[in-house]
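Me: I am new to this structure and would like to understand the words people use for it. Could you go through them with me?

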Amino acid sequence: MLDTVQDADVIDQGAFFACKVTEVEHFTDDLFRFRTARPATLRFRPGEFLMIGLEGEKKPILRAYSVASPSWDDTLEFYSIKVEDGALTSRLRNIQPGDRVLVGRKPTGTLVTDALKPGKRLYMLSTGTGAAPFASLIREPGVYEQFDEVVFTHTCRTSPELTYSRGLVEALKTDPLVGEAAAGRLVYFDSVTREDGPRKGRITTLIETGELFEMIERPVLNPETDRVMICGSMAMLEELKAMLEARGFEEGSNAKPGDFVVEKAFAGEGV
Ligand code: FAD
Ligand code: A2P
């Protein structure tokens, strides 16, 4: 029997694709991930974000979301916050397989390797849902061709909030496409700030004191060898940016590659 348009995994609506949800996994009361069918024509660079959303009463409700899946994957993955009264996520949190999510056609962003000069070690520093773009990048074989080592850090308030990144790194070990490239070259470091744990503290503090480098057994940050991508709250970005600039790192962009790039994980109040 032929599929009708209604049954299609992806419906091209012009400005957006309406993509069928294929999988949903909740981690905490505030965090979940989901997958959708991928439009065959949608191309993106790992680390980029898209506008996604749901149909509203009068117009669609759309928000920026990092694509968390790698560029070779035939589905799209997103990692999401659940904001209690959030216009989008108060509804998005209830999606089920078979529902449809609107996906924009114009990926964009600065957390791309094109915006970085060549280097030896790539640091990806994240807090909260800022891990999402790095979920794409660590699963991308090309990243391991460009850099000898990849250091992915994720800091959250409590350890259940690290479930997504921990699971990704664990799954990579047996991934048939990327597992071998990442073996021994992906260094994962997590820390918590509001409960006790073996690795406790904000990433800013751990870099400033040098504890991060002691724990991962790598030299301290050096613009000669290291490149850095940062994704988190505005306050986290601003502090890390100042710290890197004080160490001689220059910010890069798509137009002018540099030593580090930043992107906010969400637009907070007043930003
Ligand atoms: P909103 O009205 O958009 O937000 C309400 C408030 O909730 C905000 O003022 C802020 O204080 C807080 N908030 C919103 N998003 C977050 C968050 N992610 N973490 C912590 N607090 C938050 N969100 C994701 O969940 N995953 C992503 O991959 C993602 N990528 C983004 C990429 C970019 C470039 C930008 C600018 C934002 C991104 N966001 C992401 C945030 C996202 O666009 C929405 O803000 C979020 O989905 C909440 O939407 P909302 O309509 O429910 O609430
Ligand atoms: P803390 O618990 O000390 O505030 P949030 O949920 O508020 O987005 O925070 C996510 C993580 O980012 C938390 O572990 C939080 O630590 C940390 N964080 C918040 N602000 C900063 C900052 N300015 N620099 C570094 N880390 C930060």
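Reply: Happily; the talk below goes through charges, salt bridges and aromatic rings in turn. This is a predicted model, in which local features need pLDDT of at least 70 and side-chain atom pairs pLDDT 80 or more, while totals for chains, interfaces and linings use all residues. Residues are numbered from 1 along each chain as its sequence is written, chains are lettered from A and ligands numbered from 1 in the order in which they are written, and side-chain values use heavy atoms, without hydrogens and water.

Me: Why is Asp29 called exposed?

Reply: Exposed means over 50% relative accessible area, buried under 20%, and partly exposed in between (1.4 Å probe, protein chains only). Asp29 has a relative accessible area of 63%, so the word exposed applies. You will find Asp29 in the loop between strand S2 (16-26) and strand S3 (31-37); helices (H or I, at least four residues) and strands (E, at least two) are DSSP runs, numbered from the N terminus.

Me: Which residues gather with Asp29 in a patch of negative charge?

Reply: Asp30, Glu84 and Asp85 gather with Asp29 in that surface patch. A patch takes residues with over 30% relative accessible area and no salt bridge, and joins like charges within 9 Å. Asp and Glu count as negative.

Me: What makes Asp73 and Arg35 a salt bridge?

Reply: The term asks for a side-chain nitrogen of Lys or Arg within 4 Å of a carboxyl oxygen of Asp or Glu. For Asp73 and Arg35 the N to O distance is 3.2 Å, so the pair meets the rule. Asp73 lies in the loop between strand S5 (61-66) and strand S6 (75-81) and Arg35 in strand S3, so this pair ties together parts 38 residues apart in sequence. Both Asp73 and Arg35 are buried.

Me: How do you know that Arg35 forms a salt bridge with Glu77?

Reply: Their closest N and O atoms are 3.1 Å apart, so they satisfy the salt-bridge rule. This pair links Arg35 in strand S3 with Glu77 in strand S6, 42 residues apart. Glu77 also forms a salt bridge with Arg139, at 2.8 Å. Here Arg139 sits in the loop between helix H2 (132-137) and helix H3 (141-146), 62 residues from Glu77. Both Arg139 and Glu77 are buried.

Me: Which residues do salt bridges that share partners join into one network?

Reply: The network holds Glu23, Glu25, Arg33, Arg35, Asp73, Glu77 and Arg139. The salt-bridge count comes to 18.

Me: How many aromatic pairs are there, and why is the pair Tyr79 and Tyr164 called stacked?

Reply: There are 9 aromatic pairs. Rings of Phe, Tyr and Trp (its six-membered ring) pair if their centres lie within 6.5 Å; planes under 30 degrees apart count as stacked, over 60 as edge-to-face and the rest as tilted. Tyr79 and Tyr164 have centres 4.1 Å apart and planes at 20°, so they are stacked. Tyr79 is in strand S6 and Tyr164 in helix H4 (residues 163-172), 85 residues apart. Tyr79 counts as buried at 3% relative accessibility, and Tyr164 does at 4%.

Me: What makes the pair Phe134 and Phe152 edge-to-face?

Reply: Their ring centres are 6.2 Å apart and their planes stand at 70°, so the pair is edge-to-face. Phe134 is in helix H2 and Phe152 in strand S9 (residues 149-156), 18 residues apart. Phe134 is buried at 0% relative accessibility, and Phe152 is buried at 0%.

How values were computed
Patch = residues over 30% accessible without salt bridge, like charges linked within 9 Å, V, L, I, M, F, W, Y side chains within 5 Å. Areas by Shrake-Rupley, 256 points an atom, 1.4 Å probe, with all protein chains shown as cover. Charge placed at Lys NZ, Arg CZ, Asp CG, Glu CD.
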